[in-house]
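I record here what I looked up in the structure shown below. The entries follow the order of my queries.

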Amino acid sequence: MKIEYAGVITRPDSPEVERIGREMIAWFSRRGIKAELNGIEPGMDLVIVLGGDGTLLHVAEKASRYQLPVLGVHLGHLGFLTEVAVDERYHALETLLAAEEVRMEKRIMLSAAYVNGMTGKKSASVHALNEVVIVKKSTEAMIRLRCWAGREYVTTYRADGLIMSTPTGSTAYNLSAGGPVVHAELEAIVLTPICPFMLESRPVLLGSRQKVTTQLLAPAGQVKVIVDGELQWTITENDYLLVKKASKPLLIISSPWKSYFNILRNKLNWGGASVDVPLPEKVCKYC
């Protein structure tokens with residue numbers, strides 16, 4: 001992979017992570033590669049994120065807008081998105097520089113906006129890599145959310161809220177709320193109700209071309225719309241939330257020595273071990 005200009009993004013308010021970031025800037029400089037700390041520019045060949053998944057979520061929209069490949073180095077608490085361990089960072093970069101081809105995953109993002117139910121005025125759009133969530137305030141009664149996929153009515157949820165997740169975000173809030181794990185490279189939108197009144201209200205997997213419209217029904221007070229973990233809007237009864245696939249994906253460079261399922265087994269403790277079991281050669285020829 002040809003790298004002439006790189007960005008290194010560090011987790012905020014962490015002197016130790018910033019020190020590691022400055023070391024990486026010097027590492028690039030010794031190899032004649034221009035590098036910038038905590039900046040993302042259109043002409044970059046690579047963006048390296050030092051932190052946890054939250055740090056990567058903060059830069060996802062800008063990186064996707066410029067279509068910049070992202071390499072996540074794990075210095076946080078999770079690590080579904082930041083696949084490379086901190087002690088593997090230079091080995092991973094050397095591998096990238098030497099490689100003619102790099103495996104790059106295209107992760108769909110969501111575009112969200114809301115429409116004022118009284119005026120019909122639409123807000124500016126924001127982007128999410130993981131999820132868009134409509135959720136009630138903790139002490140309030142259950143809310144009702146009327147939902148459409150395209151122009152087709154889906155149902156009216158009676159629940160504490162509704163999660164609209166990407167496959168990337170399926171292992172985040174969606175999973176905690178009982179939603180399915182969806183392979184990260186699929187193009188789909190997952191609808192998962194939060195603590196629904198009726199147990200029959202199950203998660204729904206939609207194609208990524210579907211545009212999801214949700215209306216908050218009366219009676220309702222102010223309800224929060226949270227995008228990738230941050231409060232974005234407060235809506236009230238009869239307002240609409242519009243969610244669809246964003247026009248550009250996020251490009252994530254896959255770790256050359258860790259598979260998607262290896263990471264899942266490790267993080268979710270599937271089977272109690274993260275060791276890969278190779279498919280027998282006698283079967284490989286049929287796969």
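I first fixed the accessibility classes: buried means under 20% relative accessible area, exposed means over 50%, and partly exposed lies in between, with a 1.4 Å probe and protein chains only. By these cut-offs I class R19 as partly exposed, because its relative accessible area is 39%.

**Basis of the entries.** I am working with a predicted model, in which local features need pLDDT of at least 70 and side-chain atom pairs count only at pLDDT 80 or more, while totals for chains, interfaces and linings use all residues. Residues are numbered from 1 along each chain as its sequence is written, and side-chain values use heavy atoms, with hydrogens and water left out.

**Confidence.** I looked up pLDDT, the predictor's confidence in each residue, from 0 to 100. The protein averages 90, and 96% of the residues score at least 70. I then compared the helices and strands, which are DSSP runs (helices H or I, at least four residues; strands E, at least two) numbered from the N terminus. Strand β18 (residues 240-245) has the highest mean pLDDT, 98, and helix α5 (residues 260-268) the lowest, 75. I note that low pLDDT is a reason not to read predicted coordinates in detail.

**Salt bridges.** I counted as a salt bridge any side-chain nitrogen of Lys or Arg within 4 Å of a carboxyl oxygen of Asp or Glu. The search of the whole structure returned 12. Side chains of opposite charge can pair when their charged atoms come close.

I examined E16 and R19, whose closest N and O atoms are 2.5 Å apart. The two are separated by about one helical turn, because they lie 3 residues apart in helix α1 (residues 15-30). E16 is partly exposed, at 43% relative accessible area.

I next examined R107 and E105, which meet in a salt bridge at 2.6 Å, N to O. Both R107 and E105 are buried.

My third pair was E187 and K245, with the closest N and O atoms 3.1 Å apart. E187 lies in the loop between α4 (173-176) and β13 (188-194) and K245 in strand β18, so this salt bridge ties together parts that are 58 residues apart in sequence. E187 is partly exposed at 45% relative accessibility, and K245 is partly exposed at 31%. I also found that salt bridges with shared partners join E16, R19, E23 and R89 into one network.

**Largest pocket.** I asked which residues lie closest to the centre of the largest pocket. The pocket holds about 300 Å³ of space. Of its 15 lining residues, L57, H127, V227, D228 and E230 are the closest to the centre. I noted that α2 (53-66), β8 (126-128) and β17 (230-235) each supply at least two lining residues. The largest share, 6 residues, comes from α2. For these entries a pocket is, on a 1 Å grid over the protein atoms alone, an open set of points where a 1.4 Å probe fits, with protein on both sides within 12 Å along at least five of seven lines; lining residues have an atom within 4 Å of a point.

**Surface.** I found D87 in the loop between β5 (84-85) and α3 (89-98). D87 is exposed, with a relative accessible area of 67%. The C-alpha atoms of D87 and H74 are separated by 9.4 Å, the two residues being 13 apart along the chain.

How values were computed: Grid points are joined across faces, edges and corners, and a volume is the space filled by probe spheres set on the points.
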